[in-house]
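Before reading on, take a moment to look at the sequence and the three-dimensional picture side by side. The explanation begins with the whole chain and then turns to single residues.

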Amino acid sequence: MPLRFSKMHGIGNDFVVVDARAAPFTLDAAAIRRLGDRHFGVGFDQLLTIEPARDPSCSFAYGIWNTDGTRAGQCGNGVRCVAAWLARAGELGPGMTRLESPSGPVAVELCDDGSVRVDMGEPRFAPAEIPLVADAQGDMYAIDVAGRSVELGAVSMGNPHALVEVDDVAAAPVAVLGPQVEYAPAFPQRCNVGFAEIVSRGAIRLRVWERGVGETLACGSGACAAVAVLRRRAKVDAMVRVALPGGELEVRWDGPGHPVWMRGPAAFVFDGEIAPATAAATTTRKS
């Protein structure tokens with residue numbers, strides 16, 4: 001049987017969303033890679049599945065797969081798209097709703113302007129929780145990357161993030177340093193790598209090299225991670241506008257003991273059907 005999907009994006013971070021509420025999602029890593037190929041498949045940064053919740057406090061669960069077929073623990077732009085998909089399906093209404101991510105429950109709220117607010121949880125800085133190989137917890141770390149020392153911040157937002165501060169994000173060596181940090185021995189589960197330019201205390205520019213994907217137009221968890229690391233170093237205020245190549249997100253973190261809140265859009269592109277054996281897609285309806 002063909003596999004139905006929705007193509008969506010959150011400020012350019014694009015997804016294939018599959019409804020797995022009635023039947024389990026069974027594509028293996030190789031099939032996900034074929035589907036994620038932008039020439040021979042549909043193309044996406046992540047594949048999202050919508051599933052029955054296992055946690056009784058949550059209404060639904062969602063799974064996340066990267067383009068290379070590996071699983072991810074969290075995706076900020078993705079959860080907004082999951083919320084918008086559920087709202088279009090009549091499963092989500094006004095007020096806060098809890099969804100079960102691979103890293104635990106998250107709260108989502110549909111806003112009047114069509115955007116989605118997400119409680120991304122409290123950032124975790126302990127090296128063992130990131131995970132990061134380090135002798136002690138610090139605001140910044142100097143790690144060995146391809147034979148040289150690189151200074152960066154590190155945090156978990158349900159997935160591991162490194163943050164490198166730069167003077168000019170447009171000139172940041174994302175394509176070279178990004179994969180080098182992702183695979184650095186200090187990050188045993190690899191990591192997402194952000195490159196942040198501070199514009200003011202309320203605004204930053206950010207580019208992100210995503211683990212298992214490469215550079216993307218936007219990364220919601222990466223935006224939250226950047227604000228958390230910079231806020232902890234007293235370089236930004238609680239509310240920050242994060243400008244990514246695909247658009248802007250609003251991120252707020254009131255400090256230790258509080259969750260990070262992210263707000264941004266979620267857009268539908270089209271719905272389609274896939275022949276799983278060949279990863280060939282046929283668009284069936286524009287939306």
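What follows is a walk through this structure, from its overall form to a few chosen places.

The model shown here is predicted, and this should be kept in mind throughout. In the protein chain there are four helices and 18 strands, and these elements serve as landmarks in the paragraphs below. The C-alpha trace of the protein chain spans about 50 × 40 × 35 Å along its principal axes. How does the radius of gyration of the protein chain agree with that of a compact globule? For 287 residues such a globule would have a radius of gyration near 19 Å, and the protein chain has 18 Å, which agrees.

Several further values describe the chain as a whole. Among the 287 residues of the protein chain, 53% count as buried, while the area that the protein chain exposes is about 12,000 Å², with 51% of it supplied by carbon and sulfur atoms. If we take the contacts in the protein chain with a separation of 6 or more, 61% of them are accounted for by residues 24 or more positions apart. As for charge, the protein chain has 28 positive and 33 negative charges, and the mean positions of these two groups are 3 Å apart.

We can now turn to single residues, beginning with an acidic one. Asp-271 belongs to strand E17, which covers residues 267-275. Is Asp-271 buried or exposed? Because its relative accessibility is 10%, and a residue under 20% is called buried, Asp-271 counts as buried. Which side chains does the side chain of Asp-271 meet in polar contacts? One is the side chain of Ser-6, at 2.8 Å, and another is the side chain of Arg-88, at 3.2 Å.

A second buried residue with a polar contact lies in a loop. Ser-115 is found between strand E6 (104-110) and strand E7 (116-119), and it is buried because its relative accessible area is 7%, which is under the limit of 20%. The side chains of Ser-115 and Arg-263 are joined by a polar contact of 2.9 Å. If neighbours within four places in sequence are left aside, Ser-115 is in contact with Glu-109 and Leu-110, and also with Arg-263, Gly-264 and Pro-265.

Next come places where the backbone itself deserves attention. In the loop between E7 and strand E8 (141-145) we find Pro-131, and the peptide bond that leads from Ile-130 to Pro-131 is cis, with omega near -10°. Arg-190 has a positive phi of about 65° although it is not a glycine, and its place is in the loop between helix H3 (174-182) and strand E11 (192-200). Ala-234, another residue other than glycine, has a positive phi near 60°, and it is found in the loop between helix H4 (220-232) and strand E14 (239-244). Which of the words buried and exposed belongs to each of these two residues? Arg-190 counts as buried because its relative accessibility is 18%, whereas Ala-234 is exposed because its relative accessible area is 53%, a value over the 50% limit.

The last two residues let us set separation along the chain beside distance in space. Ala-172 lies in the loop between strand E10 (160-165) and H3, and with a relative accessibility of 10% it counts as buried. Although Ala-172 and Arg-207 are 35 residues apart in sequence, their C-alpha atoms are 8.4 Å apart in space. Not counting residues up to four places away in sequence, Ala-172 touches Val-166, Phe-195 and Arg-207.

Arg-38 sits in the loop between helix H1 (29-36) and strand E3 (46-52). Because its relative accessibility of 47% falls between the limits of 20% and 50%, Arg-38 counts as partly exposed. Thr-67 is 29 residues from Arg-38 along the chain, and the C-alpha atoms of the two are separated by 10.0 Å. Leaving aside neighbours within four places in sequence, Arg-38 is in contact with Asp-14, Gly-43, Phe-44 and Asp-45, and with the side chain of Asp-14 the side chain of Arg-38 makes a polar contact of 2.8 Å.

Conventions
Residues are numbered from 1 along each chain as its sequence is written. This is a predicted model: local features need pLDDT of at least 70, side-chain atom pairs count only at pLDDT 80 or more; totals for chains, interfaces and linings use all residues. Side-chain values use heavy atoms; hydrogens and water are left out. Helices (H or I, at least four residues) and strands (E, at least two) are DSSP runs, numbered from the N terminus. The radius of gyration is taken over C-alpha atoms; the globule rule is 2.2 Å times the number of residues to the power 0.38. Buried means under 20% relative accessible area, exposed over 50%, partly exposed in between (1.4 Å probe, protein chains only). Contact means heavy atoms within 4.5 Å. Accessible areas come from the Shrake-Rupley method with a 1.4 Å probe; for residues, only the protein chains shown count as cover. Lys and Arg count as positive and Asp and Glu as negative; His and the chain ends are not counted. The place of a charge is taken as NZ of Lys, CZ of Arg, CG of Asp or CD of Glu. A polar contact is a pair of N or O atoms within 3.5 Å; within protein, one must be able to donate a hydrogen and the other to accept it, and residues adjacent in sequence count only if both atoms are side-chain atoms.
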